[in-house]
Amino acid sequence: IEVVGTKSQVPDPRIRNVDFWQDQVGVQVTQAAPTIEQCVFASATMGLAVTRPTSGGPDLVVRDCRFLSNLHGINATNSHQMLVERNRFERNGTGVLIGTLGSTAVMSPIFRNNVYLRNGFGFTATALAGSQTLPTLAHETFAFNNTGIASVDNAPSGSRCDPVIRNCIIW
């Protein structure tokens, strides 16, 4: 499924109770801001791919979903407003991969109450070419991942990747 458009074009886009199995990309979000709830993304290259403008716009919400055995559960680039809560990321190459690129890009999504279990990387954030990635991780649980949380930036270029991590459990 590809979700394209703005809130004014599609006032309340919702994807609920859908299973995405063995797709290249389960859901591709480019400009819209859907609410994605109670879905399963399994055995895909990317369960959810998000590429949206970094300024303004409504929140993308991903809630109560399962991401199983994907290369990347969620892969989000330059997507400023995003709420990801109460999801389970299990046996993925990377549970969540977020990043910014470009001197005006700023990304500050919120992740809360998610579980990352047996992934290569649980959560990875990157900032390149002068951009800023400033995610908040609150009440997250990381268990049996090869790497729980990874943060990568290129300070000489002015890039900054500074996750705020609060009340998380990392085993």
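Reply: A salt bridge is a side-chain nitrogen of Lys or Arg within 4 Å of a carboxyl oxygen of Asp or Glu. This is a predicted model, where local features need pLDDT of at least 70 and side-chain atom pairs count only at pLDDT 80 or more, while totals for chains, interfaces and linings use all residues. Residues are numbered from 1 along each chain as its sequence is written, and side-chain values use heavy atoms, with hydrogens and water left out.

Me: Thanks! How many salt bridges does a search of the whole structure find?

Reply: The search finds 10. Take E37 as a starting point. The side chains of R14 and E37 form one salt bridge, at 3.6 Å from N to O. This pair links distant parts of the chain, with R14 in strand β2 and E37 in strand β5 (residues 35-37), 23 residues apart. E37 also forms a salt bridge with R63, where the closest N and O atoms are 3.0 Å apart. Here too distant parts are linked: E37 sits in β5 and R63 in strand β8 (residues 60-63), 26 residues apart.

Me: Which residue forms a salt bridge with R112?

Reply: That is E85, with 2.8 Å between the closest N and O atoms. R112 lies in strand β15 and E85 in strand β11 (residues 82-85), so this salt bridge ties together parts that are 27 residues apart in sequence. You can then trace a network of salt bridges that links R14, R16, E37, R63, D64, E85, R86 and R112.

Me: Are R14 and E37 buried or exposed?

Reply: Look at relative accessible area: buried means under 20%, exposed over 50%, and partly exposed in between, with a 1.4 Å probe and protein chains only. R14 counts as partly exposed at 44%, whereas E37 is buried at 11%. R63 is buried, as is E37. In the other pair, R112 is partly exposed at 33% and E85 is buried at 6%. For the chain as a whole, buried residues make up 50% of the 171 residues.

Me: How many helices and strands are there in the chain?

Reply: Both are read as DSSP runs numbered from the N terminus: helices are H or I over at least four residues, strands are E over at least two. This chain has zero helices and 24 strands.

Me: What is the order of the strands in the sheet that holds β2?

Reply: First, the general idea: strands of a sheet pair through backbone hydrogen bonds, either parallel or antiparallel. Two strands count as paired if DSSP finds at least two bridges between them. The order here is β2-β5-β8-β11-β15-β19-β23, an open sheet of seven strands with parallel pairing. β2 (14-16) and β23 (164-166) stand at its edges with a single partner strand each, so one side of each has no neighbour in the sheet. Inside this sheet, β15 (residues 110-112) and β19 (residues 136-138) pair in the parallel sense over three bridges. R112, met earlier in a salt bridge with E85, has A138 of β19 as its bridge partner.

Me: Which strands make up the open sheet that holds β16?

Reply: Its seven strands run in the order β3-β6-β9-β12-β16-β20-β24, with parallel pairing. The edges are β3 (19-21) and β24 (169-170), each with a single partner strand, so one side of each is left free of a sheet neighbour. Three bridges join β16 (residues 115-117) to β20 (residues 141-143), and these two run parallel. V115 stands opposite T141 in β20.

Me: Where is N145 found?

Reply: In the loop between β20 and β21 (147-153). N145 is buried, at 13% relative accessible area. For its surroundings, contact means heavy atoms within 4.5 Å. Setting aside neighbours within four places in sequence, N145 is in contact with Y116, L117, R118, N119, G120 and G122. A polar atom of the N145 side chain lies 2.8 Å from the backbone nitrogen of N119.

Me: How many disulfides does a search of the whole structure find?

Reply: A disulfide is a pair of cysteine sulfur atoms within 2.5 Å, and the search finds zero. The cysteine sulfur closest to that of C39 is in C65, 4.7 Å away, which is too far for a bond. C39 is buried at 1% relative accessibility, and C161 is buried at 4%.

Note on methods:
A polar contact is a pair of N or O atoms within 3.5 Å; within protein, one must be able to donate a hydrogen and the other to accept it, and residues adjacent in sequence count only if both atoms are side-chain atoms.
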